[in-house]
Amino acid sequence: EAQLAAMARMPIFESATSSHELVNLIDQRFLLPEPHPFFEPTCSSFLRADAPTSVVEFLKALGAVELHDADVFERFLLPQFGAATSSRQEAMRAHLLANWPTLQQ
């Protein structure tokens, strides 16, 4: 536990927005394992999830949170839903309805 905490403070991680960045896993960090149809990570809070499985598992052990479709909607898309264009809102609603059984899990 102490070793993982120490390693989480090391700035050795690659973010989704640049090749390498000083990233502190003490702050909340995310992994997005699959492209999302309505969300593209634009900040260093997202680490590269296209790394080998062992690296992804290591990042998760250090506290990075793996986000899936429902998580992205909950954390990033639904809070800004009212500001989206009506066509984007309609597309997001259609996506939610089409994928509702999976999103509920």
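# Exercises on a predicted model

Gln89 is buried, at a relative accessible area of 15%; buried means under 20% relative accessible area, exposed over 50%, and partly exposed in between (1.4 Å probe, protein chains only). The model is predicted, so local features need pLDDT of at least 70 and side-chain atom pairs count only at pLDDT 80 or more, while totals for chains, interfaces and linings use all residues. Residues are numbered from 1 along each chain as its sequence is written, and side-chain values use heavy atoms, with hydrogens and water left out.

**Exercise 1.** Describe the secondary structure of the protein and the confidence of its elements.

*Solution.*
1. Helices (H or I, at least four residues) and strands (E, at least two) are DSSP runs, numbered from the N terminus.
2. The protein has five helices and three strands, in the order α-β-β-α-β-α-α-α along the sequence.
3. The predictor's confidence in each residue is its pLDDT, from 0 to 100. The protein averages 82, and 78% of the residues score at least 70.
4. Among the elements, helix α4 (residues 86-98) has the highest mean pLDDT, 96, and helix α1 (residues 2-8) the lowest, 69.

**Exercise 2.** Place Gln89 in the structure and list what Gln89 touches beyond its sequence neighbours.

*Solution.*
1. Gln89 is part of helix α4.
2. Contact means heavy atoms within 4.5 Å.
3. With residues up to four places away in sequence left out, Gln89 touches Phe81, Gly82 and Ala84.
4. In the protein as a whole, buried residues are 30% of the 105.

**Exercise 3.** Give the geometry of the packing between helices α3 and α4, and name the residues that make the contact.

*Solution.*
1. Two packed helices are described by the angle between their axes and the distance between the axes.
2. Axes are lines fitted to C-alpha atoms, for helices over the stretch in contact, with angles from 0 to 180 degrees between N-to-C directions.
3. The axes of α3 (residues 69-77) and α4 come within 12 Å and cross at roughly 145 degrees.
4. Asp69, Phe73 and Leu77 of α3 make the contact with Arg88, Met92, His95 and Leu96 of α4.

**Exercise 4.** Compare the burial states of His95 and Pro37, and say how far apart the two residues are.

*Solution.*
1. His95 is found in helix α4, whereas Pro37 is in the loop between β1 (30-31) and β2 (46-47).
2. His95 counts as buried because its relative accessibility is 16%. Pro37, at 54%, is exposed.
3. His95 touches Pro37, Phe38, Asp69 and Phe73, not counting residues up to four places away in sequence.
4. Pro37 and His95 are 58 residues apart in sequence, and their C-alpha atoms are 8.9 Å apart.

**Exercise 5.** Work out the surroundings of Glu66, including its polar contacts.

*Solution.*
1. Glu66 sits in strand β3 (residues 65-66) and counts as partly exposed, because its relative accessibility is 25%.
2. Leaving aside neighbours within four places in sequence, Glu66 is in contact with Leu31, Pro33, Val56, Lys60 and Asp71. The C-alpha atoms of Glu66 and Leu31 are separated by 4.5 Å, with the residues 35 apart along the chain.
3. A polar contact is a pair of N or O atoms within 3.5 Å; within protein, one must be able to donate a hydrogen and the other to accept it, and residues adjacent in sequence count only if both atoms are side-chain atoms.
4. The side chain of Glu66 makes a polar contact of 3.4 Å with the side chain of Lys60. The side chains of Glu66 and His68 are also joined by a polar contact, of 3.4 Å.
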